Amino acid sequence: MKYHNDYYGGFIVSKNIINGERIKYTFREKSQIRQLNGWTLYSDVDDDNYVNDSDNFMILSAESLFQICPVFKELYEAPYGTDLCWIYKQDLLVGFFDLNAEKEVNIDEIVR
């Protein structure tokens, strides 16, 4: 399925995710750049030094990100201010921890 990338805008994504590391942390903030949707994604292995270097990130289209992480289609509409840790058990995504609410949440709770 092809996605209309102009609708979704660009995602700022750690190159570690692009290289196969799992997503660990995502947040959404209002972007000053019209072409970006406000989502930033960090991998499980990103540390402070890594995330402080902008060369370690790329802007991905919706089509590219949804191929890497199909569940993000469901998360996309989450409001600005969303701040999530991804929870895994035996390398399988099992849920999310909302850092603002300080509790585990499901996708329906995130996007409402």
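The exchange below concerns the fold, the surface and two loop residues of a predicted model.

Me: What kind of model is this, and how are residues numbered?
Reply: The model is predicted, so local features need pLDDT of at least 70 and side-chain atom pairs count only at pLDDT 80 or more, while totals for chains, interfaces and linings use all residues. Residues are numbered from 1 along each chain as its sequence is written, and side-chain values use heavy atoms, with hydrogens and water left out.

Me: How many helices and strands are there?
Reply: The chain has six helices and seven strands, taken as DSSP runs numbered from the N terminus (helices: H or I, at least four residues; strands: E, at least two). Their order along the sequence is α-β-α-β-β-α-β-α-α-β-β-β-α.

Me: What is the radius of gyration?
Reply: The chain has 13 Å, which agrees with the value near 13 Å for a compact globule of 112 residues. The radius is taken over C-alpha atoms, and the globule rule is 2.2 Å times the number of residues to the power 0.38.

Me: How much of the chain is buried?
Reply: Of the 112 residues, 41% count as buried. Buried means under 20% relative accessible area, exposed over 50%, and partly exposed in between (1.4 Å probe, protein chains only).

Me: Is strand β1 enclosed or open?
Reply: Strand β1 (residues 10–14) is largely enclosed by the rest of the structure, because four of its five residues are buried.

Me: Which strands pair with β1?
Reply: β1 runs parallel to strand β3 (residues 36–43), joined by three bridges, and antiparallel to strand β4 (residues 57–60), over four bridges. Pairing requires that DSSP finds at least two bridges between two strands.

Me: Which residues stand opposite each other there?
Reply: Val-13 stands opposite Leu-41 in β3, and the bridge partner of Ser-14 is Phe-57 in β4.

Me: Changing topic, what is the phi of Asp-91?
Reply: Asp-91 has a positive phi of about 65° although it is not a glycine. Most residues other than glycine have a negative phi. Asp-91 lies in the loop between β5 (83–89) and β6 (92–98).

Me: Is Asp-91 buried or exposed?
Reply: Asp-91 is exposed, with a relative accessible area of 67%.

Me: And where does Glu-102 lie?
Reply: Glu-102 lies in the loop between β6 and β7 (103–105). Its phi is near 55°, a positive value in a residue other than glycine, and at 63% relative accessibility Glu-102 counts as exposed.
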